[in-house]
Amino acid sequence: MEMEKEISAIVTDAENAVRAVDVKDVETLPHRVDDLKAKYFGKNSEINNIYRLMKDVAPVDRPAFGKLVNDAKRQIEDRILSFQASCDELVLRFRLSAEQIDITLPGRGAVKGALHPLTLTRNLLTDYFISLGFEVTDGPEIETDYYNFEALNTPADHPARDAQDTFYIEGGEGKFLLRSQTSAAQIRVMENKKPPIKMISPGRVYRADEVDATHSPVFHQLEGLVVDKGITMCDLKGILDALAKRLFGESVKTRFRPSFFPFTEPSVEVDASCVKCGGAGCKACRGAGWIEVLGAGMVNRAVLRNCGIDPAVYSGFAFGVGIDRITNLLYGINDMRVLFENDVRFLKQFR
Ligand code: PHE
């Protein structure tokens, strides 16, 4: 009888211990449940120790006593294990809610980039010339004096060199420079290819200019070159007039003004009727009604000869477009510095 009481006291004790567990402190709950298990049905638990009393029990009563202890032990185990299961669930729910992300929050949209306006203009120009069957070639930005000047009929003492304040490379003994014009690419093409030649070459050029609204030490040109039998100034005029219309609209007119470049003869500067006022005269064209857009001319016979092309058989024309200039005209930009500052507030307008 004594023992029965003791056993049922242990069961009650375990039950009370389970009830006493504070489940609100979820962080430490799993450890406290482990402690409970150790205390109430582990190796050294009270209920296990009861078995040792078996020797004091009369042999006839032993099966009944054993059953009593086993039942009590199972009862405690069931109670604690089912408590543990409900605690595990509690802990899981707690962790899930602590790590919760709000999937109903609207996503932050990815900001789309945009092509730089200079790239847009370059693409516009190259697309046009590609549609006319021109090849696109690349030339090095670090050039030799030969390609940038010498072969372009501009020897060392030529006054035309002064117009292009050139960056020479230190230690290059005056031989290496940053190209001041994409015309250097003309020579590289004519050296490697025999006519017919129809090529364009867009890229960066460098001149030692102070930065202001209309100058930058780095800017962009697109060179064009056509060499074949029977090429005349009419071809040049036709192609450039069509280009101006493509860029600025069908109503735009062009005019050729006599000019000078050592590598073309005759040389011209090409004006387009002002995109803003249509030729009447306004602030954008400084009252002239015309805006200069490029330099061009018939390839100088000396240049053809320098590249091993017989000027008695072949003739050609060349032109150099200022990509920055065209960009300013197309987008109404009146300070070219914005093209190089990469201020996102400016750039995102081109999305
Ligand atoms: N290279 C000249 C310049 O930079 C432009 C040009 C190119 C003129 C081709 C004639 C022919 O000013």
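**Entry 1: the sheet**

I opened at the far end of the sheet, where β6 and strand β7 (residues 264–273) run antiparallel and are joined by seven bridges. For my own record, strands (E, at least two residues) and helices (H or I, at least four) are DSSP runs, numbered from the N terminus. I count two strands as paired if DSSP finds at least two bridges between them. Before going on, I noted that this is a predicted model, in which local features need pLDDT of at least 70 and side-chain atom pairs count only at pLDDT 80 or more, while totals for chains, interfaces and linings use all residues. Residues are numbered from 1 along each chain as its sequence is written, and side-chain values use heavy atoms, with hydrogens and water left out.

Back to the β6 and β7 pair: I found R255 standing opposite D271 in β7. I then traced the whole sheet, which is open, has seven strands with mixed pairing, and follows the order β1-β4-β5-β9-β8-β7-β6. Its edges are β1 and β6 (254–261), each with a single partner strand, so one side of each is left without a neighbour in the sheet. A reminder to myself: strands of a sheet pair through backbone hydrogen bonds, either parallel or antiparallel.

**Entry 2: around β4**

Is strand β4 mostly buried or exposed? I used buried for under 20% relative accessible area, exposed for over 50% and partly exposed for values in between, with a 1.4 Å probe and protein chains only. Eight of the 10 residues of β4 (residues 197–206) are buried, so the strand is largely enclosed by the rest of the structure.

I looked at both of its neighbours. On one side, strand β1 (residues 135–136) pairs with β4 in the parallel sense over two bridges, and E135 has M199 as its bridge partner in β4. On the other, β4 and β5 run antiparallel and are joined by 10 bridges; there P202 has L222 of β5 as its bridge partner.

**Entry 3: D138**

Next I followed the chain into the loop between β1 and β2 (142–144), where D138 is found. D138 counts as exposed, at 70% relative accessibility. Which residues does D138 touch? Taking contact as heavy atoms within 4.5 Å, and not counting residues up to four places away in sequence, I get S201 and P202. I also checked D138 against Q164: they are 26 residues apart in sequence and 21 Å apart in space, C-alpha to C-alpha.

**Entry 4: the loop between α6 and β3**

R161 is found in the loop between α6 (145–148) and β3 (176–178). R161 is buried, with a relative accessible area of 12%. With residues up to four places away in sequence not counted, R161 touches D145, F149, E150, T154, P155, A156 and Y168.

N153 is found in this loop as well, between α6 and β3. Its phi is near 65°, a positive value in a residue other than glycine. At 25% relative accessibility, N153 counts as partly exposed.

**Entry 5: other backbone notes**

I found another positive phi in a residue other than glycine at R286, near 50°. R286 lies in the loop between β7 and β8, and with 77% relative accessibility it counts as exposed.

Then came the cis peptide bonds. One joins P195 and P196, with omega about 5°; P196 is in the loop between α7 and β4. A cis bond also joins E265 and P266, with omega about 0°, and P266 is found in strand β7.

**Entry 6: the ligand**

I saved the ligand for the end. How many residues surround it? I count a residue as near if one of its heavy atoms lies within 4 Å, and on that basis there are 15, of which the closest are Q181, S183, R207, Q221 and E223.

For polar contacts I looked for pairs of N or O atoms within 3.5 Å. An N or O atom in the side chain of Q181 is 2.8 Å from a nitrogen atom of the ligand. A polar side-chain atom of S183 lies 2.9 Å from a ligand nitrogen. The side chain of Q221 places an N or O atom 2.9 Å from an oxygen atom of the ligand. The protein covers 92% of the 320 Å² of accessible area that the ligand has on its own, by the Shrake-Rupley method with a 1.4 Å probe.

Which elements build the shell? At least two residues each come from α7 (183–192), β5 (218–228), β8 (290–299) and β9 (315–322), with the largest share, three residues, from β9.

How values were computed. A polar contact is a pair of N or O atoms within 3.5 Å; within protein, one must be able to donate a hydrogen and the other to accept it, and residues adjacent in sequence count only if both atoms are side-chain atoms.
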